[in-house]
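Here's a quick tour of some beta sheets for you. Have a look at the sequence and the structure, then read on.

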Amino acid sequence: MTAQRVAIIGAGVSGLCALKCCLDEGLVPICFERSGDIGGLWRFEEHPEEGRASIYPSLIINASKELMCFSDFPIPEDFPNYMHNSKIMEYFRMYAQHFDLLRHIRFRTNVCRVTKRPDFAATGQWEVVAESEGKQEVDVFDAVLVCTGHHTDAHLPLSTFPGLEKFEGWYLHSRDYKDLQSFWGKRVVVVGTGNSGCDIAVELSQVAKQVFLSTRRGTWVLHRVADGGYPFDYLYLRRFLQLLYRLMPHIINFLISRKLNARFNHTLYGLQVFEQHPTVSDNLSNRIISGKVLVKPNIREFTETSAIFDDGTREEIDAVVFATGYSFSFPFLEGYVKVVENQIPLYKFMFPPDLEKPTLAFIGLIQPLGPIMPISELQCRWATRVFKGLLDLPPSANMLADIMQTKEEMAKR
């Protein structure tokens, strides 16, 4: 079976390289983008848009340009190693223009429903219902690439914080954070030590009276600049080191923790580590040692004017920023994929294992240690070749076994 027409849902990072890879394979792609522009996560908007992550104006990427660029379109030499979000968008526009991708995108078009055709078992075709300017259109595609990512719906676990309903200050999710001026002279608690939480805590500490950074499990803190002034990912995200980690995980973990603690002792700074996924922040340690950011444990409860932490300490606060991440869903694919606890069982994080025909794939639905761009590109290359019938997937039972094995390995880490 050879796929011809491919529906691509989303024109962010993954959607753009999906278009490129489809064209490379001689497929006919049509990309549906609910907003009016490309870029997805990386396009800054003053007002957050539904179904899309929203970034703050100062955001700088945590991956160096050497590792984040697409393989066939290097980032210009005069661009900085770590780019501001505006430079990232500039690069994406250059990529889209160079490969003439924009003409394949239907902007301000929302995919309402994706369903199997009655003869799916034989053809693998999908019926896509899309809406634009209040009008719905139905079209048939030979394959579908879902490129909406996992930063779609703000995860705001308010029910896990008793007393928040009586708190007299204000709170917001990190996706709604745009301007630090409203926090001038305030006492603010930031919940979460991911990249967004640490960035926002550092930024707010410039104007706030006091910033408290609340963490459940601690985190490793990496710096963008490593030994010799090189980008840290350029030095350490290498296949050889990944191989050593698989062969000697305990020894490598010891060496990594020793290396990171040489910069600053995480326990001394209140960032005792109980998980391995790191955070990138160049300035957090400076703000902690100067007292502008105080690390606190998880919040036990809120009162009208304060937060009480798990260690029993109480701090008067005016505002809360929940940097608690995102959840994802696929309402347009209801009945075909099921998201449980922000997880979806996919073979190699891409293919549903129980379809009669392998004509549906998810791109970029993974959180790697490093940039997503090259991974999305490789995923798109694989998916389009599967759609064309040039590559086969294993039997369903083998895919399910692989999914379970991967889940068990991740749980051990």
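In this predicted model, strands 15, 16 and 17 make up an open sheet, in the order 15-16-17, and the pairing is antiparallel. As a bit of background, strands in a sheet pair through backbone hydrogen bonds, and they can do so in a parallel or an antiparallel way.

**The sheet with strands 15, 16 and 17**

- Strand 15 (299-302) and strand 17 (314-316) are the edge strands here, and each of them pairs on one side only.
- On average, neighbouring strands in this sheet are turned by 25° against each other, if you ignore direction.
- Strand 16, which covers residues 306-309, runs antiparallel to strand 17, and three bridges join the two.
- Want a spot to look for? Find I308 and you'll see it stands opposite R314 in strand 17.

**The sheet with strands 4, 5 and 6**

- Another open sheet has three strands in the order 4-5-6, again with antiparallel pairing.
- Strand 4 (110-116) and strand 6 (135-141) sit at its edges with a single partner strand each, so one side of each has no neighbour in the sheet.
- Neighbouring strands in this sheet are turned against each other by 20° on average, direction ignored.

**How strands 5 and 6 are joined**

- How many bridges join strand 5 to strand 6? There are seven, with strand 5 spanning residues 126-132 and the two strands running antiparallel.
- For a residue pair to pick out, try A130: its bridge partner in strand 6 is E137.

Notes: Residues are numbered from 1 along each chain as its sequence is written. This is a predicted model: local features need pLDDT of at least 70, side-chain atom pairs count only at pLDDT 80 or more; totals for chains, interfaces and linings use all residues. Side-chain values use heavy atoms; hydrogens and water are left out. Two strands pair if DSSP finds at least two bridges between them. Helices (H or I, at least four residues) and strands (E, at least two) are DSSP runs, numbered from the N terminus. Axes are lines fitted to C-alpha atoms, for helices over the stretch in contact, and angles run from 0 to 180 degrees between N-to-C directions.
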